[in-house]
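Hello,

Here is the structure we talked about handing over. Please open it first, then read the notes below.

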Amino acid sequence: MSPERYERLLAPLELKPGLTLRNRIVMTGHTDVLAANRAPSERQTAYLARRAEGGVGLLITGGAGVHPTSGAFEEMPDPNPSDPAVLDLFAHQVEAIKAHGSVVIGQLYHCGGQSATDYFTELPMWAPSEGRGMLSDLIAHAMTQREIAEVVESFVSGAVNYQRAGFDGVEIHGSHGYLIQQFISPLTNRRTDEYGGSLANRLRFAIEILAAVRAATGPDFVVGYRHCAVERMPGGFGLDEAVEVARRLDATGLIDYLSVSNGTHESYEELIPSVYVPQGKPAGYSERITAQVDVPVITVGRINHPRIGEELLASGAADLVGMLRALIADPDLPKRIEAGDLHGTRPCIGLNVCATRIHLNVPLRCGVNPRAALEDLPEPDVPGAGRRIAIVGGGPAGLEAAVTAAEQGAEVTLYEGGQRVGGMLLAASRFPVKAEFAGMVEFYEERIAEAGVDVRLRAEVDALEPLLDEHDAVVVATGARRDASPWHDRSLEPDLPYDGPLYRGSLAELAAHDVRGRRIVLVHSERNDHAALTLAHHLLTAGADLRIVSSFGSLTAAMDQPFEHFFSKLLAAHGTPVYAPAAVLPSSGNRVVIDHWGLRERIELDDVDWVVSSGRRRTSLPADARALFDAGRPVQMIGDCVAPRGLEQAIREGRGAALEAIAAVAVPANA
Ligand SMILES: Cc1cc2nc3c(=O)[nH]c(=O)nc-3n(C[C@H](O)[C@H](O)[C@H](O)COP(=O)(O)O)c2cc1C
Ligand code: SF4
């Protein structure tokens, strides 16, 4: 394979005299909920240091809330701790990151009217003006000028603490709809004093913070600013005003770089764009800003392949590229780019398990990388040589188990009923919007081939007993099947026959049908069901005349935050009727009868081509699996065949089961 060169990404950049980034790749600031008692934990340090070890040029830690009223998330380190010993933990973290050659900057924020502090600290939310908050629906308190000065001071003390702890600099978070942006935006700032009204007034708070931080930390400390290019909120600011803000901030001479991001928590498709947003699309907004300012500009937005980063640098859209989620998925990406060989890269596929978890205030994990944010746990030393492991099922759980066991040296046979491995990843990749999932399938295909896994395709395994004669352990990863029934999961009579116009093919095959103009009713009854989202997206963009029946209070309420706003807007743009909470009733011919519980109404739709059901997943197991497991035989069940869940659980359990299966087998005498 010819080496892949990404010269621009690999070019160093001098941020300050004597402070040079080894490349243009940035791990942008992110909440990881990995702190312990609001101090840096060993887990967090190991997680960050692992990315530095992988070669990232600039690593930005945090965001961290500067003030008791500032946080939207639990368990982020406090940059203004009452216990000075916490600063030693920061210093230890910085040292661990710098030991691997990354420049390290700490991000400070105040979430303002998005802080939801009431839930954690029972303090009111602070914002420029009174009004409904975005994340929490709580009503914010309009800050007094004394409170404004108090928050400015808390940014300063946070920055000074970071400087003492050895950070190379600080980043002031003026984006994502947080407090500073709330002051800048005419949508959220309705003040009539010198902090409201004209742009100069709305910028006053940001500039006061930057000036005070610069004065306190001196000329050698890096001061960066995270800036929003497009709010995408009715009444908010657009790119023209964002360019002007950037120009004015640059002209102050107070900042060393601008990090440009987009969106708020109500325009999430710009903020942390998921797989439904084209790769690298939001990153392009920075181009006009870069053209207008002297300081280096970082851009972000689903830059999950170095090719996209290289193109953005070449086009002049930015000087540095944020590749946060690409680095969560594969911390070694910068080193791979440097080596000119991307072979073996775990791709970030934009499922936003990471972001979803953060909003639930639980520690970060990754849908494709089972080691992410668990790097403090030692790699288990379980030599597999001489062990014979059978894996039944070639979906993500089985593939991860096969790769893990084979790479430990075990002799692995993988039985897959289909013609190709990949399971739900392969099925999803048939839909154009998820075509990049094929990259994950290819990743596994390469890894199992390299690790010498014996793959048996079209091999249906109905019983495990015969496999136990030939193998030391069997890992069952047979997944779940979706049945075509239109009844939602809690229907009293879920096995009732249905004579209506039911689509009975596989959901993946639906991608190949011409659905233009077809009248389709999509039945949805599982929370955050990615298949339902993919189907809705596909059917709408492919021109179907779609209606959705959801057993939840609303379709979007059943989705996690990273998808909620995107789908609300998509459905609104297509004028898609959503009946919720509702269920399909028995009917025949091409008529569909919907029982709308909310309206206490029956709705009849005629001329329906198909009722497509997404929401009935049932576990699928070889007949003797449970009995063998109960009998204490070396059989493990993992992933969706235990209970239908997500990719993250499948992959994590795959890895865990492989290691356990090996460890449980006695060491062969001749090993
Ligand atoms: C789990 C998670 C937490 C995040 N938390 C923050 C944060 O605290 N501060 C911030 O500026 N951006 C935060 N972001 C946004 C990222 O810095 C970045 O702008 C966004 O993920 C898009 O870049 P990417 O496509 O390279 O991931 C977060 C993103 C993720 C995935
Ligand atoms: S969870 Fe998904 S979006 Fe987040 S880093 Fe991992 S692969 Fe990317």
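**Helix H21 and what surrounds it**

Just after helix H21, Gly-575 takes a positive phi of about 60 degrees. Bear in mind that this is a predicted model. H21 itself covers residues 561–574, which makes 14 residues. From first C-alpha to last, H21 reaches 21 Å, close to the 20 Å expected at 1.5 Å a residue.

Several residues of H21 are buried, among them Phe-563, Phe-566 and Phe-567. Gln-561, Pro-562 and His-565 are buried too, as are Leu-570 and Leu-571. What covers them? The cover of the buried H21 residues includes three helices: H10 (268–271), H15 (353–359) and H20 (530–541). It also includes strand S20 (545–550) and strand S21 (578–579).

**Where H16 meets H23**

Next, look at helix H16 (residues 396–407) and helix H23 (residues 647–664). Their axes come within 7 Å and cross at roughly 35 degrees. The crossing of H16 and H23 is right-handed. On the H16 side, the contact is made by Pro-396, Ala-397, Glu-400, Ala-401, Thr-404 and Ala-405. The H23 side includes Leu-647, Ala-650, Ile-651, Gly-654 and Arg-655. Ala-658, Leu-659 and Ile-662 of H23 also take part. By class, the contact has 10 nonpolar, two polar and two charged residues.

**Salt bridges**

How many salt bridges does a search of the whole structure find? It finds 37. Here are some of them.

Glu-400 of H16 forms a salt bridge with Arg-346, with the closest N and O atoms 3.1 Å apart. Arg-346 sits in the loop between H14 and H15, 54 residues from Glu-400. Both Arg-346 and Glu-400 are buried.

Asp-332 and Arg-50 also meet through their side chains, at 2.7 Å from N to O. This pair links distant parts of the chain, 282 residues apart. Asp-332 lies in the loop between helix H13 (324–329) and helix H14 (333–339), and Arg-50 lies in helix H2 (residues 42–53). Is Arg-50 buried or partly exposed? Arg-50 counts as partly exposed, because its relative accessibility is 22%.

A third pair is Arg-547 with Asp-545, at 2.8 Å from N to O. Arg-547 counts as buried because its relative accessibility is 13%. Asp-545 has 29%, so Asp-545 counts as partly exposed.

Finally, look for a network. Salt bridges that share partners join Lys-16, Arg-214 and Asp-256 into one.

Best wishes

Technical notes
Residues numbered from 1 in each chain as written. Chains lettered and ligands numbered in written order. Predicted model: local features only at pLDDT ≥ 70, side-chain atom pairs only at ≥ 80, totals over all residues. Heavy atoms only, no water. Axes fitted to C-alpha atoms, helices over the stretch in contact; angles between N-to-C directions. Helix = DSSP H or I, 4+ residues; strand = E, 2+ residues; numbered from the N terminus. Left-handed = near helix turned anticlockwise from the far one by under 90°. Contact = heavy atoms within 4.5 Å. Nonpolar A, V, L, I, M, F, W, Y, C, P; charged D, E, K, R; others polar. Expected span 1.5 Å × (residues − 1). Buried < 20%, exposed > 50% of the residue type's maximum accessible area, 1.4 Å probe, protein only. Salt bridge = Lys/Arg side-chain N within 4 Å of Asp/Glu carboxyl O.
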